[in-house]
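Please open the model in your viewer and keep the selection panel at hand. We will take a walk through it, one selection at a time.

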Amino acid sequence: MVHRVLRVVVRTTWIALSAVVLVAAGVAWTTYQEVDAGIRRSTAIPPDAPRSASGTTVLVMGLTTRRDLDGGTPPEEVLDALHAGDVDRGGYNANTLILLHLSPGGGAKALSLPRDNGAELLGIPGGPQRGKVKEAYGRAKEAVERTLSTTLSPAEQEWRGREAGRRAQVQTVSALLDVPVDHLVEVSMVGFHHLAEALGGVDVCLNRATADPYSGADFPAGPQHLTPAQSLAFVRQRHGLPNGDLDRTRRQQAFLSALVHRLKTEGPAALGRVAEVAKHNVVLSEGWDVLASAQGTSGVTFSTLPLVPDDVPDPRPVLRAAAAATLHPAGGPSGPGSAPSPVPCVD
């Protein structure tokens with residue numbers, strides 16, 4: 001039973017994986033409690049926020065920032081490994097957005113929301129703004145930080161700014177898709193690097209050779225093992241791929257499947273290295289019992305929502321219809337999802 005508890009969460013995102021995957025591998029309950037207690041907790045989703053009528057819906061956010069949770073600059077060797085420019089490049093965009101729904105029947109669905117969809121950005125001081133859905137976090141953070149007292153420590157200013165960003169990103173995605181968000185998880189680019197480093201990389205498979213100087217990707221075709229630095233390049237690459245950002249989304253999904261396969265194969269020996277990374281790089285919702293939410297989950301299916309063209313005045317009808325068709329199919333509540341191949345081949 002313990003091996004099934006968190007299967008869907010860990011397949012869906014490296015963030016939730018970092019926080020709770022110890023349980024999935026059969027590590028002692030006391031170890032899970034120790035890790036869970038060390039995770040940063042966010043109050044960005046208030047108690048009176050709209051909730052899912054059935055099951056649990058989680059917004060997973062992967063940030064572009066190279067900074068740590070206190071706003072600190074990572075060591076130069078880490079920045080070099082990221083192959084992503086200086087510490088302030090990229091700002092605080094939420095470039096990875098995955099909506100994970102855990103159903104009471106044991107099924108789970110993960111919807112990747114392309115970052116460049118247009119949206120009304122909510123939760124930003126001064127009123128709603130128009131922009132790309134990924135931008136809500138950074139715009140809200142910047143606006144709130146301009147109002148903060150300079151007597152606050154840099155770490156406190158960073159946390160309050162990020163809390164504003166989390167609130168804005170949750171409100172924006174929820175309104176765009178017309179789906180309540182019960183909980184959130186967050187990790188930054190540098191956090192992902194540390195997780196991949198702790199695991200020593202993972203195995204992936206490519207349909208064809210590809211290279212991209214922007215992300216640092218340079219891979220042959222076929223199955224291969226990625227180093228930590230290559231892992232980040234793999235999930236960041238979009239230049240040189242047939243479908244650009246959509247192919248990058250599928251790479252993220254493939255990487256997560258491969259990562260979980262690796263963790264399940266190696267068991268506690270690999271997971272012990274993840275625990276400390278989670279404490280310093282992962283943020284979860286305050287009061288969220290991840291274990292209880294995932295109890296009984298037996299599989300997950302991945303889907304990618306459309307990227308609506310910029311010339312469409314209102315992308316909400318298209319995105320909402322696609323989200324509803326996936327989360328609430330005509331046949332009624334879903335049962336357990338089918339597990340993807342542990343190492344699927346992608347572009």
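A definition to start with: two strands are said to pair if DSSP finds at least two bridges between them. With that in mind, note that what you have on screen is a predicted model, and let us begin at a small sheet.

**Stop 1: the three-stranded sheet**

Select β8, residues 203–206, together with β14. These two strands run parallel to each other and are joined by two bridges. To see one of those partners, pick L206 and look across to β14, where V346 is its bridge partner. Now add β11 to the selection: the three strands make an open sheet in the order β11-β8-β14, with mixed pairing. β11 (222–225) and β14 (345–346) are the edge strands, each pairing on one side only.

Stay with β11 for a moment and click on H225, which lies in this strand. Is H225 buried or exposed? Neither label fits: its relative accessible area is 42%, and because buried means under 20% and exposed over 50%, H225 counts as partly exposed. Then show G201 as well; the C-alpha atoms of H225 and G201 lie 7.0 Å apart, although 24 residues separate the two in sequence.

**Stop 2: the whole chain**

Zoom out and colour by secondary structure. The chain holds twelve helices and 14 strands. Of its 347 residues, 56% count as buried. If you switch on a surface, you are looking at about 13900 Å² of accessible area, 53% of which belongs to carbon and sulfur atoms. A contact map is worth a glance too: among contacts between residues at least 6 apart in sequence, 72% join residues at least 24 apart.

**Stop 3: the seven-stranded sheet**

Next, select the strands β1, β12, β7, β2, β3, β4 and β13, which in that order form an open sheet of seven with mixed pairing. At its edges are β1 (40–42) and β13 (301–304); each has a single partner strand, so one side of each has no neighbour in the sheet. Turn the view to follow the twist: on average, neighbouring strands are rotated by 20° against each other, direction ignored.

Start with β3, residues 94–102, and β4, residues 108–112, which pair in the antiparallel sense over five bridges. L100 is a good residue to label here, with A110 as its bridge partner in β4.

Now move to β7. Which way does β7 run against β2? The two are parallel and share six bridges. On the other pairing, β7 meets β12 (residues 282–285) in the antiparallel sense, over three bridges. Click on E186 to see both partnerships: M61 stands opposite E186, and in β12 the bridge partner of E186 is V283.

How many residues of β7 are buried? Six of its six are. Both faces of the strand are covered, with H183, V185 and V187 buried on one side and L184, E186 and S188 buried on the other.

**Stop 4: three helix packings**

Keep the sheet in view and bring in the helices. General background for this stop: two packed helices are described by the angle between their axes and the distance between the axes.

Select α5 (residues 136–145) and α6 (residues 154–177), whose axes come within 7 Å and cross at roughly 140°. The two helices are therefore oblique to each other, and the crossing is right-handed. Show side chains at the contact: on α5 they include Y137, A140 and V144, and on α6 they include G161, A164, G165 and A168.

Follow α6 on to α12 (residues 316–327), which packs against it at an angle of about 85° with the axes 7 Å apart. That makes α6 roughly perpendicular to α12. A175, L176 and L177 of α6 meet R316, L319 and R320 of α12 here.

**Last stop: an enclosed helix**

Finish on α8, residues 228–236. Why call this helix largely enclosed by the rest of the structure? Seven of its nine residues are buried. Select them to close the tour: P228, S231, L232, A233, F234, V235 and R236.

Conventions:
Residues numbered from 1 in each chain as written. Predicted model: local features only at pLDDT ≥ 70, side-chain atom pairs only at ≥ 80, totals over all residues. Heavy atoms only, no water. Helix = DSSP H or I, 4+ residues; strand = E, 2+ residues; numbered from the N terminus. Axes fitted to C-alpha atoms, helices over the stretch in contact; angles between N-to-C directions. Buried < 20%, exposed > 50% of the residue type's maximum accessible area, 1.4 Å probe, protein only. Contact = heavy atoms within 4.5 Å. Areas by Shrake-Rupley, 256 points an atom, 1.4 Å probe, with all protein chains shown as cover. Parallel < 35°, antiparallel > 145°, perpendicular 65-115°, else oblique. Left-handed = near helix turned anticlockwise from the far one by under 90°.
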